[in-house]
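Here are a few short exercises to work through with the model open. Have a go at each before reading its solution.

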Amino acid sequence: MKANTTEFASQLDDATGVYMIGGRQFRGVDAYGHYLDPTPTILGIRGVLARGGVFGGSSAGAAIQGDFLMRGHSGSIRVTMGDHLYGFGLVENMGFDPHLNARRRHEDFVEVVKSINILGIGLDEDTAVVLTGDRMEVIGSKYVVVTDNTIWDEEIYCSYYITAGLGRPRLSNGRKIYFSC
């Protein structure tokens, strides 16, 4: 049974949650599609969320949730903007970069966020975010880095964050931010 068929997606009809394991995020897009050309599986996942269900994932399963797919290159994880640019689009205008600190990816993470105007969420090992409406809560033992394209411009900077001042907030377990200006 192919993953992007109606038959496969029908398994999601009564699901209350979907979890995607790690690996390489481009493989998830190759199997299930992306938000610009939604397959029955993407539509099924959206149906789970519309019914109040959840979607979770580790590593590639976290990265694929945004509409922009960071490190979606089929040839190398070092290429930030690769040959697979679009994720599932379960959250809009966001890109997730797992293993940000462990793999020392800060510089190219910031460059991508700066160039394409998304909210970048850099995830540490053993740490996750829970997105509910316009709120994000950090859970886990380490940190999440939040970066948007306005932090370089004092005139248009939107202080989404509970931390004060310009810069990239580094949020630990239990910290929350709200996405509204």
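**Exercise 1.** Find where Asn93 lies, then work out its backbone phi and its exposure class.

*Solution.* Start with the location: in this predicted model, Asn93 sits in the loop between H4 and S5. Next, check the backbone: phi is positive at about 60 degrees, although Asn93 is not a glycine. For context, most residues other than glycine have a negative phi. Last step: the relative accessible area of Asn93 is 48%, so call it partly exposed.

**Exercise 2.** Is Arg71 buried or exposed?

*Solution.* First place Arg71: the loop between helix H4 (60-63) and strand S5 (94-98). Its phi is near 60 degrees, again positive in a non-glycine residue. Now the accessibility: the cut-off for buried is under 20%, and Arg71 comes in at 3%, so it is buried.

**Exercise 3.** Classify the ring pair formed by Tyr32 and Phe88, and say which parts of the chain it links.

*Solution.* Begin with the tally, which is four aromatic pairs. For Tyr32 and Phe88, the ring centres are 6.3 Å apart and the planes meet at 85 degrees; planes over 60 degrees apart count as edge-to-face, so that's the label here. Then locate the partners: Tyr32 belongs to helix H2 (residues 25-32), while Phe88 is in the loop between H4 and S5, 56 residues apart. Accessibility comes next: Tyr32 is partly exposed at 22%, whereas Phe88 is buried at 0%. Finally, zoom out: ring pairs join Phe8, Tyr32, Phe55 and Phe88 in a cluster.

Key
Residues are numbered from 1 along each chain as its sequence is written. This is a predicted model: local features need pLDDT of at least 70, side-chain atom pairs count only at pLDDT 80 or more; totals for chains, interfaces and linings use all residues. Side-chain values use heavy atoms; hydrogens and water are left out. Helices (H or I, at least four residues) and strands (E, at least two) are DSSP runs, numbered from the N terminus. Buried means under 20% relative accessible area, exposed over 50%, partly exposed in between (1.4 Å probe, protein chains only). Rings of Phe, Tyr and Trp (its six-membered ring) pair if their centres lie within 6.5 Å; planes under 30 degrees apart count as stacked, over 60 as edge-to-face and the rest as tilted.
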